[in-house]
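Let's take a walk through this model together, starting where two chains meet and ending inside the strands. Keep the 3D view open as you read.

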Number of protein chains: 4
Amino acid sequence: MPQVNTARKRQIGTRLADRFRETRALTAALVEPLSEADATLQSMEDASPAKWHLGHTNWFFETFLLRDHVAGYRLHNDRWPFLFNSYYEAEGKRIGRFSRGMLSRPAVAEIREWRSAVDDAMEPLLDDPRFTDLIELGIAHEQQHQELLLTDIKHALFQNPLGPAMFDRCGVFACGYQDNELSYVHQGGSVLIGHDGAGFAYDNEGPQHQVVLTPFELARRLINNAQWQEFIDDGGYRNPALWLSDGWAWVQQNAITAPLYWHDDEGQHEQFSHYGWVKREPSQPVTHISYYEADAFATWAGARLPTEFEWEVIAREQNTSPTSNQFDGTDHLLPEGHANLFGDCWQFTRSAYLPYPRYKPAEGAIGEYNGKFMSGQVVLRGASCATPRGHSRPSYRNFFHPHQRWQFTGLRLAKDI
Amino acid sequence: MPQVNTARKRQIGTRLADRFRETRALTAALVEPLSEADATLQSMEDASPAKWHLGHTNWFFETFLLRDHVAGYRLHNDRWPFLFNSYYEAEGKRIGRFSRGMLSRPAVAEIREWRSAVDDAMEPLLDDPRFTDLIELGIAHEQQHQELLLTDIKHALFQNPLGPAMFDRCGVFACGYQDNELSYVHQGGSVLIGHDGAGFAYDNEGPQHQVVLTPFELARRLINNAQWQEFIDDGGYRNPALWLSDGWAWVQQNAITAPLYWHDDEGQHEQFSHYGWVKREPSQPVTHISYYEADAFATWAGARLPTEFEWEVIAREQNTSPTSNQFDGTDHLLPEGHANLFGDCWQFTRSAYLPYPRYKPAEGAIGEYNGKFMSGQVVLRGASCATPRGHSRPSYRNFFHPHQRWQFTGLRLAKDI
Amino acid sequence: MPQVNTARKRQIGTRLADRFRETRALTAALVEPLSEADATLQSMEDASPAKWHLGHTNWFFETFLLRDHVAGYRLHNDRWPFLFNSYYEAEGKRIGRFSRGMLSRPAVAEIREWRSAVDDAMEPLLDDPRFTDLIELGIAHEQQHQELLLTDIKHALFQNPLGPAMFDRCGVFACGYQDNELSYVHQGGSVLIGHDGAGFAYDNEGPQHQVVLTPFELARRLINNAQWQEFIDDGGYRNPALWLSDGWAWVQQNAITAPLYWHDDEGQHEQFSHYGWVKREPSQPVTHISYYEADAFATWAGARLPTEFEWEVIAREQNTSPTSNQFDGTDHLLPEGHANLFGDCWQFTRSAYLPYPRYKPAEGAIGEYNGKFMSGQVVLRGASCATPRGHSRPSYRNFFHPHQRWQFTGLRLAKDI
Amino acid sequence: MPQVNTARKRQIGTRLADRFRETRALTAALVEPLSEADATLQSMEDASPAKWHLGHTNWFFETFLLRDHVAGYRLHNDRWPFLFNSYYEAEGKRIGRFSRGMLSRPAVAEIREWRSAVDDAMEPLLDDPRFTDLIELGIAHEQQHQELLLTDIKHALFQNPLGPAMFDRCGVFACGYQDNELSYVHQGGSVLIGHDGAGFAYDNEGPQHQVVLTPFELARRLINNAQWQEFIDDGGYRNPALWLSDGWAWVQQNAITAPLYWHDDEGQHEQFSHYGWVKREPSQPVTHISYYEADAFATWAGARLPTEFEWEVIAREQNTSPTSNQFDGTDHLLPEGHANLFGDCWQFTRSAYLPYPRYKPAEGAIGEYNGKFMSGQVVLRGASCATPRGHSRPSYRNFFHPHQRWQFTGLRLAKDI
């Protein structure tokens, strides 16, 4: 099993061409520790096989760059777009989502060959300003799938009673930050929300617009495992008064009693990780919880979840680097809890994922990227230890359905003042 | 079968005691046209038997007024609270939601006796100012269930291949308003949203707070059946580009091709109503659509749904009476389309149902009324032809899940300007 | 609530016309204790509303006798055959099985009128020998539905937390027979199985044919509640070694721990009956068990279930009257355990329901009566306390799926000797 | 991809030790053409991954021979029995059936090592007469799983839109036998059924006993693809009169219109095979049909399915070698239709899978092998092109649920005379 080199953080390139190559290389590297069989597993409908992520991210560049813009380009394999399209209705038929786990063929090696061919064909386009926006989108898209690849394989390996590890050793986690009481404070009033147009952003981060806030405080620190254990010990999962109505139904139907990946056996407190089963650190941020759980915890704590606007305003003011503790291929894939807004886990807000005023999706298949998911989901802000470095920013809006919890999701409390 | 007297609209009382008595009488009157078997039907989990609404609204007053506040009060029947509690977890066990359709006993006559007993016991409380708030809440609660009783029995009778009618004749519908193009225009800026505290309102309508709007227009008229037919004829239900992702999945899984209650057979365009199957009027507002359908229509029309804030601002400015064409027990239960903001159908907004800033639910069982439903639902504004007169107002927030369509739901378009 | 007159057993007529009239009257009498709402309930897909049985048995005579054989006969109502056809594919479309519970209309009184009209129209046919076979079939068919009406309404009332009774008092049960050890003994060899052609029988009871048996004994007495309690106390429901593979899966998926209708609360041993909740008599035969449970009990007891051939041979030899303790409209609807082969409960055999050698179903819709159910079901022999008197005989083959248990099903053990 | 060597048939050993080694080697050989990912696929709950069959057959010998009978034997890996136990409740907990597809670890190579270790440890036992019965059972067990491995991987590869092949070329199929009319004729009377005790047999094949037959004929030839096409063209799948009630429900719920693995596209008649998609030969026996389909075809043809007793009597009389066209690792895995009773496909009978008179399952875990499946399944006789040579015999009883069709199942008609 390959070891994770934690010696030093990779540098993130600044030129577009460099970032393209680095992103492509990282995706390929993520599949290396996996056997052919590991890479083929699909453990639930929400997740996809690692092999599929490898192919799908390549399909994006072949389709929207090479096929659409390079005269005479011939598809590497005519039948693969059908396999590796995800949800782009405008791009024709695609394989049923839950059949992805049946793709024992093509083999990982065949997909690697395809990636090399696409990388070669992309080279002439990398410095051509006409393609900058599409390539930026493709890089961001591939980074998202890097995170999904990591969380999906974690969920798949978790199904195996042997508890196999993806990586073979687990770093030491010293988490010195203890001052749980400190908060960021904001006096409210009219603020500007959304991306300001400098650099790449998804369409759903704009247009920039004014929002009126009332005074609030936001915790400097994420809720950690020890605090979550208190919630459990206090009967949090058995008290309907703490829960949203849909959340309580979800708890009962699924017999939920702890975060996903937690397991206690004979006094051992463990959690499943990319390193297999490891001891659960009380001081680490809690992760792999649903929106329903986050909301119930906040109610139990006499607080609430922040809105996405409150979170963004604090993130701008703090001006912290959004990259620390994010994933760069050498990292440890466990949250550390350094009190950063970015890099330990995605943080639930109480905001529904909806369009900003005057938002318009792009035309064509690319326009399906974000807009069509704007119902039934909630916004998460920040970045996780599985988010590639350079992928997030203060205006970044991640979103999931309220019951999903296979991502590195956690929470940070807010209060009215 | 009883006839509906359309001679003149009932007057709505202004004194609390009068409104209590009128509301109680209207609920009882609504069950009159139904047989014992009709009143027992439950056609789906979302709906409840008419008999159950009759009992549940009575349970509310018996529990939260008489039991809690009248010394020595004895429950009419010890075992009935278990049957007629709905979702109040704090009030103990209750019957499974989908077992309500098995309640052939108690009989309607037994529940009527119970209602009379509760009405008598309530009399001394009606003019006591200590109970004003709770009685107001009980009246509003019972009015909501009047509307649900009407929409639930409609859905139940619809299941019967014989297409039975609840009422035995259907009024004439003259719908003179034709100017489809006119809109309300608003220049945007900071506006006040939420109930101002004068008169009764639910907790979810406050606190009042500022919201910043950008310039928009809102159609004066609801989308009608003829316009919906154009959407169908243009392939609206077959074009994934028009739909939200969850909506497209819903359309395909349920093979949706038209609003609920529409049926076309050999050139006959019909819809099911409280009068049985009737001809569909092209100029009447379309009703019984889901949020997904409303959103797809708006996209097809090159417009969008309004936010709940936009809708409320226009409603305040227009200052139209919120009562015309609402239900008062003598009405026709079909939308007419008089271009009012209230009274034809509930109108979808693109706003998720979320708490306003600084919102806090009340303590205890009463606090379960609104707050715990604040996930996964969308806000509808206005009132329908089945909403009791006097029940709605500009700050009123109705809410349903995006796939539900057994209510009188319709849409009014908005645009950025 | 009407009382059950237990003064004396009704006489069963011997002339066909008399039996027709008695059967029709008994069906009508069975609906009398039910309210309009009771008669409309459908508690599961296996069951049908009492009102539906009332209509369906009438549909049989109207369709296969009056419509097919009386010139100029006009259907009472053109739209009702669609509602009251059950499974006769050759008779055209029919209502979905689980929509029967939505038939609040037509009312019971309307169906009674229809029955009277059909009865009148049938009179001229009753003594016409051309119709004897069809009328015999119609009587037998209606008797089957009498039993189903009783077991279906029992299951529906059981859903109501109030535990309503169909009849208002419950007879005294003296069950004197105690000698549990005695058995019928048979030395094996070649025997004749199947109906001999004298009198009415269903097609599935023939042709008569030879079967070779090995020596066996068959218990004279049914397993009773006390013995079943021993099975429970010995962990019978928790020991996979006792169960068929499909049975064990069924036990676990449905969390089965006792017969249907058993309930124990604070030392009270009760069962639900047509008289509401009553004390469970240890000496009464156990009823409402599945084939899986019967088979597991037999394994636990070191015995086995008899084959249907073994049962039939003993029934012929004993020549006991098949009518005692069967239902005649005045009876008590609880098994007594008089050691009869007929009349307490249907008794599971280990025989699958399959065609006898050289069996051929009849042509046309009537041919759908029995043959098409010959897969996946097991044979039960005897008759229950809800089987109308005169309906059963030694060659009678009843059949149900192995998981079903809403009928009066019990067991009698067998052993190889 | 490995080629199939069809040069000459392997010889089947006669000594137990030889047959043990040959059987073990064949299982290992079957996995060779598969990638690590292929071997991990599980396409439905009925099927298991190839890797799992490889481990499970090894678990059998390690558990019931080495662990139980070799002093001091230590399990190769303590945690693997949990993974590779199938349904033996007496052997403790086991992995959920539908989680087998998540076993990306252990790898195929690790399981091969385990097999080698078990093979070595077995050597001293092979000639010890105390273990003959258990080893015979283990060989028969492993042969059954060889067939399942082949039919399961076929189903898994079928899910892949690319239609991958397991083997890389497909033999030529000359099928000269054309006389469709000839039948075996039997005059009925008392016959002996069941295994006579010479050589190995499963417990469910005995005890031998007498059965009385009536005169019948049995077709010499299996129904072929051309005849099945006639059934389709005649509307066989759309005519409820031809189907058992459960079968018709199955056809409609699953929209069945042809055998599994058939696909017609623009005049091309294809079927999926271990060689990928191949042309469908009209003269080849039809395979991959359910019991419901077989029964409906027989009804359409004016015939019926034979009983298992009729089939066995003819097989004894014909005394044909049960091995021709069965699988020996070099064969072609497509039925040829040489009019043999064994070797093309398993043949449905109309007999339910039930115990023979005086049958008793063995004690302990081994006793779970056959008896506990004796409900809800039907008996198939013969052997298929995927059945290892030497595995079947005239008294052999295979059994499946009536809706299953991923095995090589076909039919041979019978008639009363």
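**Where chains D and A meet**

Across the interface of chain D and chain A, the rule finds 2 salt bridges. To see a salt bridge between these chains, look for the side chains of R105(A) and D38(D), which meet at 2.6 Å, N to O. Bear in mind as you explore that this is a predicted model.

Now widen the view to the contact as a whole. Chain D brings 28 residues to it, and chain A brings 29 residues. The size of an interface is often given as the accessible area lost when the parts come together. For chain D and chain A, the buried area is about 2,200 Å², with 63% of it given by carbon and sulfur atoms. On the side of chain D, M102(D), R105(D) and L162(D) supply 33% of the area that this chain buries against chain A, more than any other three residues.

How are the two copies related? Chain D superposes on chain A by a rotation of 180° with 0.1 Å of shift along its axis, at an RMSD of 0.0 Å. The two copies are thus related as by a two-fold rotation axis. The same surface serves both copies, since 100% of the contact residues of chain D recur in chain A. If you would like a landmark for the axis, try A37(D): of the residues of chain D, A37(D) comes closest to it, with its C-alpha at 2.0 Å.

Next, follow chain A by itself. Its domain assignment gives domain 1 (6–158) and domain 2 (183–416). The C-alpha centres of these two domains of chain A lie 26 Å apart.

Some strand pairing in chain A is worth tracing. Strand β1(A), residues 183–186, runs antiparallel to strand β4(A), residues 216–219, and 4 bridges join them. Here S183(A) has A219(A) as its bridge partner in β4(A). Strand β4(A) also pairs in the antiparallel sense with strand β12(A), residues 414–416, over 3 bridges. In that pairing, F216(A) stands opposite D416(A).

Finally, turn to chain C, where strand β2(C), residues 189–193, pairs with β3(C) in the antiparallel sense over 5 bridges. One bridge links G189(C) to its partner L213(C) in β3(C).

Which way do the side chains of β3(C) point? In a regular strand the side chains alternate between the two faces of the sheet. Along β3(C), residues 209–213, H209(C), V211(C) and L213(C) point to one face and are buried, while Q210(C) and V212(C) point to the other and are not.

Terms used:
Residues are numbered from 1 along each chain as its sequence is written. Chains are lettered from A and ligands numbered from 1 in the order in which they are written. This is a predicted model: local features need pLDDT of at least 70, side-chain atom pairs count only at pLDDT 80 or more; totals for chains, interfaces and linings use all residues. Side-chain values use heavy atoms; hydrogens and water are left out. Domain bounds come from an automatic or database domain assignment. Buried means under 20% relative accessible area, exposed over 50%, partly exposed in between (1.4 Å probe, protein chains only). Helices (H or I, at least four residues) and strands (E, at least two) are DSSP runs, numbered from the N terminus. Two strands pair if DSSP finds at least two bridges between them. Copies are superposed by least squares on the C-alpha atoms of residues with pLDDT of at least 70 in both. Contact means heavy atoms within 4.5 Å. Buried area is the accessible area (1.4 Å probe) that two parts lose on being put together, summed over both. A salt bridge is a side-chain nitrogen of Lys or Arg within 4 Å of a carboxyl oxygen of Asp or Glu.
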